[in-house]
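Let's take a friendly walk through this protein, from its cysteines to its sheets and cores. Keep the 3D view open as you read.

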Amino acid sequence: MVSKLGEMLVKAQLITEAQLDEVIKTQRREGGKLGSIVVRAGFCSDQDIVSFLGMQYGVPAADLEQWPPIDPAVIALIPADLAQRHKVLPLQRTGSVLTLAMSDPTDIFAMDDVRFHTGYNVDPVVSSEMGLARAVERYYGGSSQVALRADGTSTRSGSASSASGSSGPSSLPMPGFEEEDEQFDLNELEQQLDADAEFEATEDDDEESINVNALRHGSEDAPVVKLVNMVLIDAIKKGASDIHIEPYEKTYRIRFRIDGILQEVMRPNLKLKDPLTSRVKILAKLNIAEKRLPQDGRIKLRVNMGGRQKVIDYRVSILPTLFGEKIVLRLLDSDKLMLDLTKLGFEQESLVRWDRQISRPYGMVLVTGPTGSGKTNTLYSSIGKLNTVDTNILTAEDPVEFNFPGINQVQMKEQIGLNFAAALRSFLRQDPNIILVGEIRDFETAEIAIKASLTGHLVLSTLHTNDAPSTINRLMNMGVEPFLVATSVNIICAQRLVRRLCPNCKAVETHAQPEDALLKVGFTPDEIQKGITFYKPVGCEACNKRGYKGRVGLYEVLEMSEPMRDMVLTGASAIELREQAIKEGMISLRRSGCRKVLDGVTTIEEIIRETVL
């Protein structure tokens with residue numbers, strides 16, 4: 001971009017080649033934007049740079065020196081610290097679109113931050129860096145306000161500026177939640193926090209000192225309600241699977257997990273820690289006075305997204321940490337639940353084996369993998385295929401994530417003794433055809449599940465193991481006899497999730513990959529000889545400039561054959577079981593990933609991150 005602007009200025013004969021060389025040397029020595037250095041050197045005017053920046057970026061150019069006075073209500077949409085940090089200035093608002101002056105209209109992080117704080121779509125126009133700095137100083141520099149810094153502390157500036165005519169609060173309109181229409185004023189909230197000692201964050205461990213009324217009052221304050229609502233809604237809009245709200249000694253941050261990767265989206269003031277935590281606890285029907293023990297709950301919200309009603313569940317987990325309570329909310333959106341086994345990512349050979357074994361009248365079907373690897377989705381897809389009017393399906397889950405008509409789902413409640421083992425015992429008296437156990441955690445649950453699979457029931461469940469063969473050893477380590485494992489288990493599926501390349505912007509990787517490196521990754525010599533077309537992430541509006549959109553599963557499906565059962569009975573190791581399974585046609589997790597790379601679905605980096613050879 002830098003060299004392109006310089007070439008344009010030389011071509012227009014505004015500067016000479018020698019002057020461009022001098023500017024580039026200054027830029028390498030001192031940093032900064034080329035346009036600003038050209039103006040400071042006196043080689044051309046600010047207006048010239050603005051017009052060329054517009055041509056360079058392909059967006060409208062705005063000369064802020066000639067721009068008419070901006071409406072104070074528009075200035076008030078963006079707080080001073082955000083405008084100064086990103087060097088942006090709001091110019092006008094038309095409907096839900098905010099026109100934003102930027103020195104770099106390709107800065108997606110700045111646009112996302114503005115979009116997050118205002119709730120409006122951003123239409124960028126380009127302006128010079130020096131012109132923007134002067135305009136931001138003119139409209140924000142003297143305003144009387146409380147500004148939030150990135151470290152969570154606050155600063156106060158002087159008297160109101162006559163240029164802006166506004167105190168510049170941060171307004172956050174909240175589309176989506178029907179019960180609230182007022183705007184969220186972060187500055188007003190911080191001033192209120194300064195004035196009200198009840199909301200001060202404390203680290204007192206004395207339970208008696210907790211003022212429950214103060215916590216409840218603070219959590220029900222309209223700005224706090226708006227902030228929580230905004231976070232919940234924005235997570236849905238960005239396709240997040242989890243929300244992490246984390247307190248530290250001097251900062252307070254909020255992160256979203258999008259396509260399996262955590263991304264920081266906001267740093268609220270540290271003083272919001274207690275009111276925000278209390279608000280989440282109230283929504284999840286948890287004890288707001290209990291700060292020393294972990295708590296789990298659930299929030300169900302009805303929201304209006306794009307004119308359509310949606311019910312979103314959030315699974316809430318609260319964990320006491322050194323500097324406060326960390327909150328993790330897992331989003332359960334039924335619209336994103338894919339119940340078609342053919343679209344999850346199974347290779348055709350693996351899917352044939354899986355379909356064959358889940359269609360058997362009895363036996364055990366196991367899905368393994370770490371938390372967040374899509375095990376529940378695979379199980380739901382499987383029982384959804386088996387859910388017919390002549391089949392009695394019972395599930396024991398902790399928690400029940402999605403509701404399905406025709407399936408009897410039971411929520412576990414450890415505090416009253418309703419655990420997986422107790423539920424399984426009761427299930428056997430309910431005349432079931434198919435039983436789904438959320439997770440086999442101990443010997444008692446494993447023993448009952450195996451006995452159920454040996455007495456005419458199809459049992460589906462999950463385990464936490466690294467791959468399919470090691471699941472056999474995991475069951476035996478729990479205390480299950482080898483002959484029970486060998487006779488009961490039908491099939492084991494290990495899985496992982498990797499990010500899917502955005503189909504709108506993925507590009508062919510032009511750099512050649514060394515043959516030795518490809519062999520180490522897991523590609524076969526035949527595949528390398530034929531030639532492999534690799535794709536790389538680029539980034540576009542459809543994927544929020546990430547280059548990836550959505551995730552796809554990698555599957556390792558081990559079907560128990562007679563030789564495999566004999567090996568289990570003789571005490572074979574996981575390595576020996578793996579070698580035999582691969583001889584019989586099992587596709588390993590790494591090979592499943594390699595096939596996804598060959599199909600242009602994902603990248604080598606993704607499969608290396610999630611699998612081992």
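A disulfide is a pair of cysteine sulfur atoms within 2.5 Å. By that cut-off, the sulfur of Cys 505 is too far for a bond with the closest cysteine sulfur, in Cys 540, because 3.7 Å lies between them. A search of the whole structure finds zero disulfides.

Some ground rules help here. This is a predicted model, in which local features need pLDDT of at least 70 and side-chain atom pairs count only at pLDDT 80 or more, while totals for chains, interfaces and linings use all residues. Residues are numbered from 1 along each chain as its sequence is written, and side-chain values use heavy atoms, with hydrogens and water left out.

Are the two cysteines buried or exposed? Cys 505 counts as buried at 11% relative accessibility, and Cys 540 counts as buried at 15%. Buried here means under 20% relative accessible area, exposed means over 50%, and partly exposed is in between (1.4 Å probe, protein chains only).

**The seven-stranded sheet**

Helices (H or I, at least four residues) and strands (E, at least two) are DSSP runs, numbered from the N terminus. Two strands pair if DSSP finds at least two bridges between them. Seven strands form an open sheet with mixed pairing, in the order β16-β15-β17-β18-β14-β19-β22. Its edge strands are β16 and β22, each pairing on one side only. On average, neighbouring strands of this sheet are turned by 20° against each other, direction ignored. Angles such as this one run from 0 to 180 degrees between N-to-C directions, with axes being lines fitted to C-alpha atoms, for helices over the stretch in contact.

Within the sheet, β17 and β18 run parallel and are joined by four bridges; Val 437 has Ser 461 in β18 as its bridge partner. Helix α14 (residues 375-386) lies across β14, β15, β16, β17, β18, β19 and β22, and runs at about 170° to β18.

**Helix α16 and the cores**

Which residues of helix α16 (residues 443-453) are buried? They are Thr 445, Ala 446, Ile 448, Ala 449, Ile 450, Ala 452 and Ser 453. These buried residues pack against β14 (363-368), α15 (420-427), β17 (434-437), β18 (458-463) and α18 (482-488). At the N-terminal end of α16, Asp 442 acts as a cap, with a side-chain oxygen 3.4 Å from the backbone nitrogen of Glu 444. For such a polar contact, a pair of N or O atoms must lie within 3.5 Å; within protein, one must be able to donate a hydrogen and the other to accept it, and residues adjacent in sequence count only if both atoms are side-chain atoms.

A nonpolar core is a set of buried Ala, Val, Leu, Ile, Met, Phe, Trp, Tyr and Cys residues joined through side-chain atoms within 4.5 Å. The largest one has 55 residues, and Met 364, Leu 366, Ile 440, Val 489 and Phe 523 touch the most other members. Leaving aside neighbours within four places in sequence, Ile 440 is in contact (heavy atoms within 4.5 Å) with residues including Met 364, Leu 366, Thr 445, Ala 446 and Ala 449. A second, separate core of 34 residues includes Ala 235, Ile 243, Ile 254 and Leu 276.

**The three-stranded sheet**

Three strands form another open sheet of mixed pairing, in the order β1-β2-β3. The edge strands, β1 and β3 (121-126), each pair on one side only. From one strand to the next, the twist averages 30°. Strand β2 (residues 97-102) pairs with β3 in the parallel sense over six bridges, and Met 102 stands opposite Val 126 in β3. Helix α8 (residues 129-140) packs on the sheet and touches β1 and β2, its direction making about 70° with that of β1. Helix α7 (residues 108-118) lies across β1, β2 and β3, running at about 140° to β2.

**Backbone features in loops**

Two residues have a positive phi although neither is a glycine:

| Residue | Phi | Loop | Relative accessibility |
|---|---|---|---|
| Lys 87 | about 55° | between α6 (80-86) and β1 (88-94) | 37%, partly exposed |
| Asn 544 | about 55° | between β21 (535-536) and β22 (548-559) | 32%, partly exposed |

Finally, the peptide bond from Asp 398 to Pro 399 is cis, with omega near 0°. Pro 399 is found in the loop between β15 (393-397) and β16 (408-411).
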